[in-house]
Amino acid sequence: MLMTLLVVPLVLFILVIFLWPVARFLALSVDNSDISSNLPQTFAAIGDWQPSQGPPPEAVLAALVGDLANARHAGSDGVLAQLINQRLVGTRFLVIKTARDAAEGRLDERPVKDALLAAHPGWAEPALWTEIIRARGPLTDYYLLGSLDLQRSPAGGVEAVPADRALFLNALGRTVWISFIVTVLCAVLSLPLAQAIVSAPPRWSRVMFAMVLFPLWTSLLVRTVIWIIVLQKNGPVNAALVATGLLGEPLTLIYTRFSLYVAMVQVLLPLMVLSLVSVMRRVPTNYMKAALSLGAPWLTAWRRVQLPLIMPGILAGSAIVFVFALGYYITPMLVGGPTDQMISSYIAFYTNTTLNWGLAAALSVQLLLILMVSALLFWTARAFMRSPAEATQ
Amino acid sequence: MLKFKHSLCLAAALAASVATARAADTITVVGWGGNWDKAYKEGVWDKYTELTGTKIVQEEWGGELAKVRAQVQSGSVTWDLISPEAPSVEIGCAEGLFVPLTPEITGDPSKYLPGTIMECGVASDTWATILAYNADAIQGEGPKSWADYFDVEKFPGKRGMLAQAQYTLENAMMADGVAPADVYTELRKPGGVDRAFAMLDKIKPHVVWWSSSTQAMQNLASGEVVMTDQYNARVTNDIVNEKKNYKIVWDAGFFYGTDMWSVVKGSPNEKAALEMLKWFSIPENQAGFSKLYAYGTGRVEAAEFVPEDWRKNLPTSPEHAKFGATYDTAFWVENKEALEARFKAWQAQ
């Protein structure tokens, strides 16, 4: 009972500080209230009217003027204009200026059609009304479709966006691939390193461990930018390669996938080493010795005895590295090229630069889904690993 | 004669501001931080405080219009005078977040460079994105135009380029032979943007993209690139402080952009802030900033009050201003998101 009470603050903390804001943000990916709640009369007046039936009826335009005046008074016309401009580029000032005129009573004459269309002819565009009608309702699939390079066709079905606008599926695939490669590289490099740390005499073991941890305490930005200097055209690596005659001309090393892997592996390696060392310390050395003394070649002994025993460490380390790598964007931005950008950089772009939080949230949903799927995979792998390993004990 | 006229106006204006400002006012001014804020404090605000007794508190922000929107809508405005980018002023003004400025405050609008005065703002700083090259890396004649910048046969070597559509499409159009003043007319035509992308296609393999100006200058210093686009003050800084052999090609044509001074609607010190803006609209007072920072301001004559050897670093100096054109904020406000997405897709192809 007491234990349960002690856990309550923690659960509340996670709920308030983490789950609630995340859920709120994710809800933005389907939220359409900034459009629907700002144009209630307009949507009511539209009813069954379609732009294909001809120009918008007087009742629709009058309702629009009323809605825009209200939005202006409520201070929400700016957001509305921004959202409509997202759907049809070039309409932002049309909406804001119409809202201003409506609020200041300049569109009060009847029929409103003449006054409105004379001052703001953009409202005669069928394309604009198609987008507005599509945006009715409290929920929208606009952002989720967009984050998958899909859109609604004029007929209402789902279709792929034109090739020159397809952006996110590639970026998603790339993000998963880069994270995967970084995880594999980290695992391969960490195995001998962790083994050396565990096998070394205690004093040396401590020194080596500190050397692994040291970069972890250094700013991520510093560690990333250093690689620009090391790998640049006239940097030490190229200078050494040219001086030793291995190369005639300096290689392009920086701003490539290669430099991205180098920087990410360097940053994430300590996490893998840490989880490997903690597992390896618990594996008795006699098992390997026993296998070797019974005549197994070293590789066979390692593969069949040591590897299964340290597998939980590899999996835990991989899970941490993979999950961290999925969210990277500053490192790819600084040391990667244009074809190495990861999905988080797009989330940051839409969150900070264009304030398109709907699309940012939709992309976050995908990132979260990838995370959940990979967590599930690691968990399943872990469960499978356990049975043979435990059977040997 | 001209000088005499200025000093007369100046004396009259100074007398007016001293008479009307109340000594107890404190104005919260929100700028871009760092050396920019420092230049404003030492070059402009300290003088105003000395003159009127008005205290000025400086705060820093990153230009997020959403923050202003939140203050105005909640009715608790704590900022008086702020410096947003021109597109944000265009949006915010239309939304009613900023106080419209009358010629009584700003002075005669025709005395400003194009684009440096708007309904709700006057330029706080006018910066330019220019073509710069490393004269140590290019032997003989350097590039003279954006066409040269796009010509990798004439000038071998990589080019540094800002990794975004805004500013880059303009440079591509200039390289395609469009005069700066006509660039937006061409971009707005059907197929205009395609034309800019077609131009960029030609140079794509030779580009090293940058996202922060520090990175771009590092690439120029290390020889990773031989020329780059860049904000002019950044290049001047490295020429002056690090004695680099960089050249700015002003006559290749350049675009200038502005950050603005705007008064937040509902500001508790609206009157005092407007009074200060009125004082700031005098060219000599604006020049206080440009003397300490290689960006111009709004008034055409302001450059005249900057010493000649420093004036040559300003985009607004008479010898440079004729090669420049202003960024079209209305174009970018509406097209930014769509064009940046297309640009990113193009980059990743």
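In this predicted model, the domain assignment splits chain B into domain 1, residues 2-125 + 259-325, and domain 2, residues 127-256 + 327-348. The C-alpha centres of domain 1 and domain 2 of chain B are 29 Å apart. Where these domains meet, domain 1 of chain B contributes 14 residues and domain 2 of chain B contributes 18 residues.

On the side of domain 1 of chain B that touches domain 2 of chain B, the elements giving two or more residues are α4 (86-95) and β11 (324-326) of chain B. The largest share there, four residues, belongs to α4(B).

Chain B also contacts chain A, with 30 residues taken from chain B and 30 residues from chain A. The side of chain B that touches chain A draws two or more residues from each of α3 (65-74), α4, β7 (207-210), α10 (213-222) and α16 (329-348) of chain B. Of these elements, α16(B) gives the most, with 14 residues.

The make-up of the two sides by residue class is as follows.

| Side | Nonpolar | Polar | Charged |
|---|---|---|---|
| Domain 1 of chain B that touches domain 2 of chain B | nine residues | three residues | two residues |
| Chain B that touches chain A | 14 residues | eight residues | eight residues |

In chain A, helix α14 covers residues 257-280. Because each residue should add 1.5 Å, its 24 residues should span 34 Å, and the 32 Å between its end C-alpha atoms agrees with that. α14(A) nevertheless has a bend of about 40° at L268(A). A proline, P270(A), follows within four residues of that position.

Note on methods. Residues numbered from 1 in each chain as written. Chains lettered and ligands numbered in written order. Predicted model: local features only at pLDDT ≥ 70, side-chain atom pairs only at ≥ 80, totals over all residues. Domains from an automatic or database assignment. Contact = placed C-beta atoms within 7 Å. Nonpolar A, V, L, I, M, F, W, Y, C, P; charged D, E, K, R; others polar. Expected span 1.5 Å × (residues − 1). Bend = angle between axes of the 7 residues up to and from the residue.
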